[in-house]
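Trainee: Please take me through this one. I want a close look at a single part, and then how the other parts are put together.

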Amino acid sequence: MAIIERPQSSEGSLLRDGTDLHDLVDADFGRISRRIYGDPEIFELEMERIFRRAWLFIGHESEVPEPGDYVTRDLAGEPIIMVRDDDTEEIGAFLNSCRHRGMRVCRADKDNVAFMRCAYHGWTYATNGDLRAAFAEELYDEEHLKKEELGLIPVTKVASYHGMVFGTWDENAPDLEDYLGDMKFYLDLLVGRSPTGFRVVGAPQVWEVNTNWKFATDNFTGDNAHLPTTHGSMVELQMLPPDPMAFSYGTMIDTTKGHVLHMVPGPPNPDGYYFGLPPEQVDGLKATLSQAHQDIARDHFISVGTVFPNLSYLQVMVSSVMGGPPAPFLNWRMWVPTGPHSTKIYSWFFIENNASAEYLKDSYECYVRTFGPSGIYEQDDMENWEECTRVNVGKIAQQYDLHHGMNMHLEPNPDWKGPGIAYPTSYGEMTQVAYYANWLRWMTEDDPTSDKVQK
Ligand code: FES
Ligand code: FE
């Protein structure tokens, strides 16, 4: 049976009022229309053209370690289940909707089950999605209950990279590794650096913020320019350095497929930085990764970035209490759009499987105190994103574009040891502009994943 297509809200790149989407993003000069951060029609187009076509993060394999484990998530506005089959132990992902009346089948955030039974009339599904039993099966003619055709609807494509599970609803999507492109090199640095692999600790923290989702990704493209002001209280408490230029010496990288990141070096250190990881983890990194990876890890202690469209990370080493020693942590977060002006944030704490109890404790506490939902940094950031969202919907405000022009003249560093276009600064808006140029491709092109380099 054919799936009914949702009506298109606009044709090609033209919005209903005749505005061309191309006029909303000037990637050459760094001007972005405020309209993209809250217009309901643009939001609907984002769901249709970006979220229902792109590879989106679902969760980490360690969240469903045992047969029958499931977690419930969101994939492009649709509820889904990620479940480890109790027979094959493979991870599958399905629309969380019963084939009878569409009821949500799995209603917990997380559980372990022998089967998945719908709470409405009791239709029961195996952990591989197959329909096992319907209520009063004897009352159906054979052709009215073909159980082999009535399993849970699978996510169209599911794949994982270093244990990170992604899914897409688009049957024409490229393979996940093609989609990630050069970002794989940097994912290796984050979640492929330990011979023992990584795990998620606890459940993700989940909260809702009244912001357009792109203000979060905009901040996580590597925006260091907000540190001295937004997080000025941390400077006053001497938890960040007082000199604004201390934040300026990094490298901003455009991997050319919308995935962008930022690497921040520490002051000269003969032993290197390796993100501030404990010696055991540094040894694992050296044993696992290429020389280029090792050289980059040696010189840097912070990295922030975004996998297009809405998965971001923080590999950070900061103090979480006044006068306290800094601790490193790896935090992944997903910005799930729930409306033009609202975003559900998922935030996961990752750590190497062989982490010592001391490293785990220090790292987890630092994450919660700094970038958990009530963290001393996170609260500052959310205040900005909510206010930007409120103000930018104004019709007067929308007559004036937003300014993304810092350091746009800067030439890339040809000697950077990793892939991508690497700009030798931490103060620039070229990665943000690269992200928006890719956003525009997805919003206007039939094949936004071709290898054409974006700028
Ligand atoms: Fe699921 Fe009826 S809606 S059994
Ligand atoms: Fe911040």
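Mentor: The C-alpha centres of domain 1 and domain 2 lie 34 Å apart. Domain 1 covers 56-161 and domain 2 covers 181-444; such bounds come from an automatic or database domain assignment. In the contact there are 9 residues from domain 1 and 10 residues from domain 2. Two residues are in contact if their C-beta atoms, placed from the backbone, lie within 7 Å. On domain 1's side, strand β3 (residues 56-60) gives the most, with 3 residues. That side has 3 nonpolar, 2 polar and 4 charged residues. Here Ala, Val, Leu, Ile, Met, Phe, Trp, Tyr, Cys and Pro count as nonpolar, Asp, Glu, Lys and Arg as charged, and the others, Gly among them, as polar.

This is a predicted model: local features need pLDDT of at least 70, side-chain atom pairs count only at pLDDT 80 or more, and totals for chains, interfaces and linings use all residues. Residues are numbered from 1 along each chain as its sequence is written, while chains are lettered from A and ligands numbered from 1 in written order.

Now the close look: strand β18, residues 311-318. A strand is a DSSP run (E, at least two residues), numbered from the N terminus. In β18, 8 of the 8 residues are buried, so the rest of the structure largely encloses the strand. Buried means that 20 or more other C-beta atoms lie within 10 Å of a residue's own, all placed from the backbone. In a regular strand the side chains alternate between the two faces of the sheet. Both faces of β18 are covered. Leu311, Tyr313, Gln315 and Met317 are buried on one side. Ser312, Leu314, Val316 and Val318 are buried on the other.

Next, the partners of β18. Two strands pair if DSSP finds at least two bridges between them. Strand β17 (residues 300-307) runs antiparallel to β18, with 5 bridges. Val307 stands opposite Leu311. The two strands form a hairpin, with 3 residues between them. Strand β19 (residues 327-339) is also antiparallel to β18, through 8 bridges. There, Leu330 faces Gln315.

Elsewhere, β8, β9 and β10 form, in that order, an open antiparallel sheet of 3 strands. β8 (116-117) and β10 (131-133) are its edges, each with a single partner strand, so one side of each has no neighbour in the sheet. Between β8 and β9 (residues 124-125) there are 2 bridges, and Arg117 has Thr124 as its bridge partner.

Terms used
A residue is buried if 20 or more other C-beta atoms lie within 10 Å of its own, exposed if 12 or fewer, and partly exposed in between; C-beta atoms are placed from the backbone. Helices (H or I, at least four residues) and strands (E, at least two) are DSSP runs, numbered from the N terminus.
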